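Here are a few short exercises to work through with the model open in your viewer. Try each one before you read its solution.

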Amino acid sequence: MGDFSEFRRLDEKSLVEYVRTVPCLGSMVGDNLEVKEVGDGNLNFVYIVVGSSGSFVLKQALPYVRTRGESWKMTRERIYFEASSLKEHGRWCGEHVPQVYHFDRTMSVIAMRYLEPPHMVLRKGLIAAVEYPLLAHHMSDYMSRTLFFNSILYHSTTHHKLGVAEYCGNVEMCRLTEQVVFSDPYRESPFNRWTSPYLDDEAESIRRDNALKLEVAELKSKFIEQAQSLIHGDLHTGSIMVTPESTQVIDSEFAFYGPMGYDIGAFLGNLILAFFAQDGHADEHNNRKAYKEWILKTIEESWNLSQKKFIALWDEHKDGPGEAYLPTIYNNHELWHLAQNKYMTELFHDSLGFGAAKMIRRIFGVAHVEDFESISDPSKRAACERRALELAKFLLKERRELVSIIEVISAIGQIE
């Protein structure tokens, strides 16, 4: 039996040995273990472990970025924050967060529920034009509940500060986001890439756009300074596993106390990217028009339902321990609704801004999205990306003039 008292990288053989040293995992899966490495993300190694009596997924963080090797160092502590945030978010929205079975800080290992087929990554489903009728309903549940119940709308400031202090330890992952989302696309960086030469002019234009840079600076400050809630921190369509009946949010190693709009914007922004990618996937069998309409409907419902559910939770718990809006002050109907409307308007504008920044980084930054990358014709891909970029720039600069998600849908349609 191997020694796992100090960190070592697991492979398919040593992983079987490791499972045998963890009673809760060994009893769960039984005998005849089959191990398959399936990680296709940028950061970690992920294994599916199946035995005679059960299964789970095991994820291990190495002290570097998986896709870059040892040249790009990265703290293993990210797996602690992933395990911790999965448990906390699962506490408030267990139906959409996979259960954590085991966490080993020394080995940087987390074992959790295996989301078996037909679960697939949402991004791949969007590329394949699969409709998920419950997606907006499920994601609005997840976003409204995890964001509300980890904010000072629900908790005392003492409880909130303790959470903020703990998750400040995830600073390295936050700094990575600061670099790749809010800095690199707006300067020359060796990590940037884009569909060249088709988008060369657009890449230079982004680096020269002073109005855009000022908006991004404001969003970067909010990202760093505004500890609104325990957010997922990387809530794109590659971090969501789906079937038509099930929606599960995974991969929260970027979790920290940050602006709520960053999570909502990441989800909406990636749906918008999926929308603009559809023309690149259309063919004689499917022009994707009906599917594009479904994406627009999902964007609209995701925001509207999130807003409605968030306010309902706020109303329900207005006499609870939350210290942001004390009932002794906000004690009349009119003032209460004015406060809520102001809060939700700012959250809407934050969500649009962060969503737009996430879209731009996926076109010019280090990590792109399969929605576009799987379009083999570079000129066709660039045409799709150019339309997405046009919308992202509009949202960054004009978001404060927008009052409803319908106006966003309309703007998307005009670029189409």
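**Exercise 1.** Leaving aside its neighbours within four places in sequence, which residues is His119 in contact with?

*Solution.* Bear in mind that this is a predicted model. Start by placing the residue: His119 sits in the loop between β7 (109-112) and β8. Next, list its partners beyond four places in sequence: Arg113, Met241, Val242, Thr243, Ser246 and Gln248. Then pick out the polar ones. The side chains of His119 and Ser246 form a polar contact of 2.8 Å, and the His119 side chain also reaches the backbone oxygen of Glu116 at 3.0 Å.

**Exercise 2.** Is His119 buried or exposed?

*Solution.* Compare its relative accessible area with the cut-off. Buried means under 20%, and His119 has 12%, so His119 is buried.

**Exercise 3.** In what order do the strands β8, β10 and β11 form their open sheet?

*Solution.* The order is β8-β10-β11, with antiparallel pairing. The edge strands, β8 (120-121) and β11 (247-249), each pair on one side only. Now look at one pairing: 2 bridges join β8 to β10 (residues 240-242), and Val121 stands opposite Met241 in β10.

**Exercise 4.** Which residues have the most contacts inside the largest nonpolar core?

*Solution.* That core has 114 residues, and the residues to find are Phe267, Ile299 and Phe372. It draws at least three residues from each of domain 1 (12-113) and domain 2 (120-415). Zoom in on Ile299: beyond four places in sequence, it touches Leu268, Leu271, Ile272, Ile405, Ile409 and Ile412. A second, separate core of 20 residues includes Val29, Val49, Leu62 and Ala111.

Notes: Residues are numbered from 1 along each chain as its sequence is written. This is a predicted model: local features need pLDDT of at least 70, side-chain atom pairs count only at pLDDT 80 or more; totals for chains, interfaces and linings use all residues. Side-chain values use heavy atoms; hydrogens and water are left out. A nonpolar core is a set of buried Ala, Val, Leu, Ile, Met, Phe, Trp, Tyr and Cys residues joined through side-chain atoms within 4.5 Å. Buried means under 20% relative accessible area, exposed over 50%, partly exposed in between (1.4 Å probe, protein chains only). Domain bounds come from an automatic or database domain assignment. Contact means heavy atoms within 4.5 Å. Two strands pair if DSSP finds at least two bridges between them. Helices (H or I, at least four residues) and strands (E, at least two) are DSSP runs, numbered from the N terminus. A polar contact is a pair of N or O atoms within 3.5 Å; within protein, one must be able to donate a hydrogen and the other to accept it, and residues adjacent in sequence count only if both atoms are side-chain atoms.
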